[in-house]
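User: I am new to this structure and would like to go through it in questions and answers. Please keep the replies plain.

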Protein chains: 2
Amino acid sequence: MDEARVRERLLEAATELAAAQGFETCGLREIAARAHVSPAMVAYYFGDREGLGEAIYRRAFERVSERVRALIEAPEFARRDGLEELVRIYVAAMTADPWLPKLVAGEILAHGASPFRSRLARDLVRGPMMAMIRWLEEEQRQGRLRPEIDVRWMAISISSLCVFPFMILPIVGDELGLSFGSDFTEELVSHAQDFLAHGLRARSEDLT
Amino acid sequence: MDEARVRERLLEAATELAAAQGFETCGLREIAARAHVSPAMVAYYFGDREGLGEAIYRRAFERVSERVRALIEAPEFARRDGLEELVRIYVAAMTADPWLPKLVAGEILAHGASPFRSRLARDLVRGPMMAMIRWLEEEQRQGRLRPEIDVRWMAISISSLCVFPFMILPIVGDELGLSFGSDFTEELVSHAQDFLAHGLRARSEDLT
DNA sequence: GCAGGAATCGAACGAGCGTTTAATTTCCCG
DNA sequence: CGGGAAATTAAACGCTCGTTCGATTCCTGC
């Protein structure tokens with residue numbers, strides 16, 4: 001088996017299956033068959049089944065956190081429309097790998113299933129959200145966000161608008177005439193930006 | 001075993017476990033033990049394991065669709081602030097049973113795992129969303145919603161704001177100082193209403 | 001009070017799981 | 001080219017799963 005490292009092929013097969021049906025429900029033999037490899041290779045490279053699961057979720061976590069770190073450190077954050085950039089990069093992080101949204105959803109759902117999964121779900125969700133909250137607080141302090149709104153709920157709402165659409169798209173997408181792809185991502189970004197801007201941003205004029 | 005019907009106790013135990021860790025990952029013996037009943041009772045009342053799963057998810061689906069039907073037929077919909085009422089009842093539907101949010105999340109994630117689960121996930125998500133879209137179209141036609149926004153994205157955003165917070169609350173709740181309960185629900189409703197009203201509603205005055 | 005069907009149980013079965021092991025192949029280096 | 005370590009495999013093991021089955025208990029109507 002020379003065309004690619006066995007370890008990498010196992011990770012890829014396991015990731016695809018975990019994204020399609022959840023890691024818990026797919027067997028070692030199924031993963032190994034998809035990677036054209038013996039099931040014993042899982043023990044050889046990852047110790048045991050849980051080691052393989054930890055590896056694929058850790059990789060997913062690192063990809064997300066790496067992109068969210070770019071989100072935080074990007075120079076666009078200092079600009080006036082930082083909120084728009086936040087949404088754009090947040091969505092871009094979700095679409096960087098086609099299987100990431102369902103993987104994140106699985107991790108959210110698996111929270112509590114095992115100590116390892118709980119810890120990973122926490123890392124996967126808490127890190128980006130806490131960073132976002134800190135950024136929102138600063139924006140609010142500078143008067144660019146409506147002062148009366150709790151930043152925690154701002155962060156929850158932003159996350160909801162950026163993540164949840166990916167989770168329900170496979171179910172309602174064909175009925176709505178929407179499907180994965182750059183079109184969907186761009187529409188999501190622009191609509192989320194629109195909602196958030198008109199809902200969150202401090203305005204000099206109108207309304208209480 | 002007289003204090004409650006065995007069938008009902010099995011349904012309850014399976015629902016709690018499915019909400020806590022997903023139906024796929026909990027065994028029949030575990031469910032039966034929690035219901036203080038022999039595993040053979042599952043076969044007796046539900047035929048097989050999948051029959052039990054179908055029963056609990058069907059019941060969840062019926063509870064949701066029943067409450068969303070109330071949402072559609074409620075007299076409040078004819079009022080000026082129908083959007084606020086929609087959010088309130090949508091969230092109320094999610095909180096009617098404490099295990100419903102995770103059950104819905106699991107169903108979303110399980111879409112594609114099996115023909116039965118795909119069909120149920122579709123029923124669970126499509127029905128309420130299509131009804132919501134039809135209602136939003138009517139609202140938009142009557143000039144109460146900004147005319148330039150795609151109603152499909154309105155529905156996606158409303159669903160996101162009303163459902164996703166329940167999914168991440170177990171993970172980030174303690175760090176944010178938020179926890180399940182009537183307080184959380186009320187805050188969620190009021191914030192979602194605020195965001196949607198200022199983001200979606202047509203205004204006579206300001207901005208392009 | 002008893003007969004008979006419904007309800008319930010504990011035990012056993014076969015299948016599939018993750019894992020281990022011994023054997024084989026592959027590869028690299030002296 | 002040959003030897004030893006690394007890589008890979010097929011087969012087997014023990015375990016747990018969902019399911020089945022015969023026996024037992026619990027109702028209920030006569």
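User: Which of the 15 residues around DNA strand C come nearest?

Analyst: This is a predicted model, so side-chain atom pairs count only at pLDDT 80 or more. On the DNA side, sugar and phosphate make up 56% of the atoms of DNA strand C that come within 4 Å of the protein. On the protein side, 15 residues surround DNA strand C, and those that come nearest are Leu28(A), Asp48(A), Arg49(A), Tyr44(B) and Tyr45(B).

User: Which atom of DNA strand C lies 2.8 Å from a polar side-chain atom of Arg29(A)?

Analyst: Some contacts to DNA strand C go to phosphate: a backbone N or O atom of Leu28(A) is 2.7 Å from a phosphate oxygen. A polar side-chain atom of Tyr44(B) also has a phosphate oxygen of this strand at 2.6 Å. For Arg29(A), the atom at 2.8 Å from its polar side-chain atom is a base nitrogen.

User: Which helix gives the most to the surface near DNA strand C?

Analyst: Helix H2 (28-34) and helix H3 (40-46) of chain A, with helix H3 (40-46) of chain B, each supply at least two residues of that surface. By class, the surface near DNA strand C has 9 nonpolar, 2 polar and 4 charged residues. With 4 residues, the helix that gives the most is H3(B).

User: Where does the largest share of the surface near DNA strand D come from?

Analyst: Around DNA strand D there are 15 residues, the closest being Tyr44(A), Tyr45(A), Leu28(B), Arg29(B) and Arg49(B). H3 of chain A, and helix H2 (28-34) and H3 of chain B, each supply at least two residues of the surface near this strand. The largest share, 4 residues, comes from H3(A).

User: How far is a polar side-chain atom of Tyr44(A) from a phosphate oxygen of DNA strand D?

Analyst: Of the atoms of DNA strand D within 4 Å of the protein, 51% belong to sugar or phosphate and the rest to bases. Backbone atoms reach phosphate oxygens of this strand at 2.9 Å from Ser38(A) and at 2.6 Å from Leu28(B). For the polar side-chain atom of Tyr44(A), the distance to a phosphate oxygen of DNA strand D is 2.5 Å.

User: What rotation superposes chain B on chain A?

Analyst: The superposition has an RMSD of 0.1 Å, with 0.0 Å of shift along the axis, and the rotation is 180 degrees. The two copies are thus related as by a two-fold rotation axis.

User: Why do the copies meet through the same surface?

Analyst: The contact takes 52 residues from chain B and 52 residues from chain A. The copies meet through the same surface because the share of interface residues of chain B that are also interface residues in chain A is 100%.

User: How much area do chain B and chain A bury between them?

Analyst: Carbon and sulfur atoms carry 73% of the buried area, and the total between chain B and chain A is about 5000 Å². In chain B, the residues that lose the most area to chain A, together 16% of what that side buries, are Leu109(B), Trp153(B) and Ile171(B).

User: How many salt bridges are there between chain B and chain A?

Analyst: One salt bridge joins the side chains of Arg126(A) and Glu175(B), at 2.7 Å from N to O. Across the interface there are also 12 residue pairs in polar contact. The count of salt bridges between chain B and chain A is 6.

Technical notes:
Residues numbered from 1 in each chain as written. Chains lettered and ligands numbered in written order. Predicted model: local features only at pLDDT ≥ 70, side-chain atom pairs only at ≥ 80, totals over all residues. Heavy atoms only, no water. Least-squares fit on C-alpha atoms with pLDDT ≥ 70 in both. Contact = heavy atoms within 4.5 Å. Buried area = accessible area lost by both parts, 1.4 Å probe. Salt bridge = Lys/Arg side-chain N within 4 Å of Asp/Glu carboxyl O. Polar contact = N/O pair within 3.5 Å; in protein donor to acceptor, adjacent residues only side chain to side chain. Near = heavy atom within 4 Å. Nonpolar A, V, L, I, M, F, W, Y, C, P; charged D, E, K, R; others polar.
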